[in-house]
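Here's a quick walk through a helical bundle of notes on one protein model. Have the viewer open as you read.

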Amino acid sequence: MLLWLGRPAAAIEALEQAQRLDPDLDVVDRFALALAYYLEGRYEAAAEHTALNLRQIAGASSSRVLLAAAYAQMNRSAEAAEVVRAIRVRLGDIALEILTEPFRPFRPPEQVQLPVAE
């Protein structure tokens, strides 16, 4: 919930506390933590958590998208490209835009393009 409120630092604090209580976060909470790390510019931590999710659930497309984005932010373009290839192999010709749409609410307000009313 804290992520949706635009408070990734608070989300990290809450999820890290939860992880201290139970080191085995489920994939949903681990993805939320990875996304919060990503939004805070902690790309290595984001990549580590998304990679762990993918080891547990190979078909976690959202984790793959986030992993590719984290690699790209770390200038690891070859690894990012490999993850994107894996997404395309797994999902065929589905547009990456469809997969990235769920992340739209997490973009900074200046990057969100809202539809223009006619």
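What follows goes from the overall fold to the core, then to the salt bridges, the loops and the surface.

This is a predicted model, so local features need pLDDT of at least 70 and side-chain atom pairs count only at pLDDT 80 or more, while totals for chains, interfaces and linings use all residues. Residues are numbered from 1 along each chain as its sequence is written, and side-chain values use heavy atoms, with hydrogens and water left out.

## Fold and core

The protein chain has six helices and zero strands, so the run from the N terminus is simply α-α-α-α-α-α. Helices (H or I, at least four residues) and strands (E, at least two) are DSSP runs, numbered from the N terminus. Of the 118 residues in the chain, 34% are buried; buried means under 20% relative accessible area, exposed over 50%, and partly exposed in between, with a 1.4 Å probe and protein chains only.

Where do the nonpolar residues gather? The largest nonpolar core has 27 residues, and L3, L33, Y37, L66, L67, Y71 and V83 have the most contacts inside it. Two or more residues each come from α1, α2, α3 (43-56), α4 (61-73) and α5 (77-91), and α2 gives the most, with eight residues. A core here is a set of buried Ala, Val, Leu, Ile, Met, Phe, Trp, Tyr and Cys residues joined through side-chain atoms within 4.5 Å. As a general backdrop, nonpolar side chains tend to be buried together in soluble globular proteins.

## Salt bridges

The structure holds four salt bridges, each a side-chain nitrogen of Lys or Arg within 4 Å of a carboxyl oxygen of Asp or Glu. In general, side chains of opposite charge can pair when their charged atoms come close. Among the four are these:

| Pair | Closest N to O distance |
|---|---|
| E44 and R76 | 3.4 Å |
| E79 and R76 | 2.7 Å |
| R85 and E82 | 3.1 Å |

E44, R76 and E79 are linked in a network. Within that network, the E44 and R76 pair links distant parts of the chain: E44 sits in helix α3 and R76 in the loop between α4 and α5, 32 residues apart. How accessible are these residues? E44 is partly exposed at 40% relative accessible area, R76 counts as partly exposed at 26%, and E79 is partly exposed at 34%.

The pairing of R85 with E82 is a local affair. These two are three residues apart in helix α5, which means that about one helical turn separates them. R85 is partly exposed, with a relative accessible area of 46%, and E82 is partly exposed too, at 44%.

## Loops worth a click

R76 has a neighbor in the loop between α4 and α5, namely N75. What is odd about the backbone of N75? Its phi is positive, at about 60 degrees, although N75 is not a glycine. Most residues other than glycine have a negative phi. N75 is exposed, with a relative accessible area of 69%.

Next, the loop between α1 (8-21) and α2 (27-39), which holds D26 and also L25. Which one is buried and which is partly exposed? L25 is buried, with a relative accessible area of 7%, whereas D26 is partly exposed at 41%. L25 also has a partner far along the chain: its C-alpha atom is 9.8 Å from that of N53, and the two residues are 28 apart in sequence.

One loop further on, between α2 and α3, you'll find E40. E40 is partly exposed, with a relative accessible area of 39%. Its C-alpha lies 6.7 Å from that of P8, although 32 residues separate E40 and P8 in sequence.

## Surface patches

Two patches round off the tour. One is a patch of negative charge on the surface, where D22, D24, D26 and D29 gather. Lys and Arg count as positive and Asp and Glu as negative, while His and the chain ends are not counted; a charge is placed at NZ of Lys, CZ of Arg, CG of Asp or CD of Glu.

The other patch is nonpolar, about 430 Å², and is made by M1, W4 and L5. W4 sits in the segment before α1 and is exposed, with a relative accessible area of 54%.

Patch members have over 30% relative accessible area and no salt bridge; like charges are joined within 9 Å, and nonpolar side chains (Val, Leu, Ile, Met, Phe, Trp, Tyr) within 5 Å. Accessible areas come from the Shrake-Rupley method with a 1.4 Å probe, and for residues only the protein chains shown count as cover.
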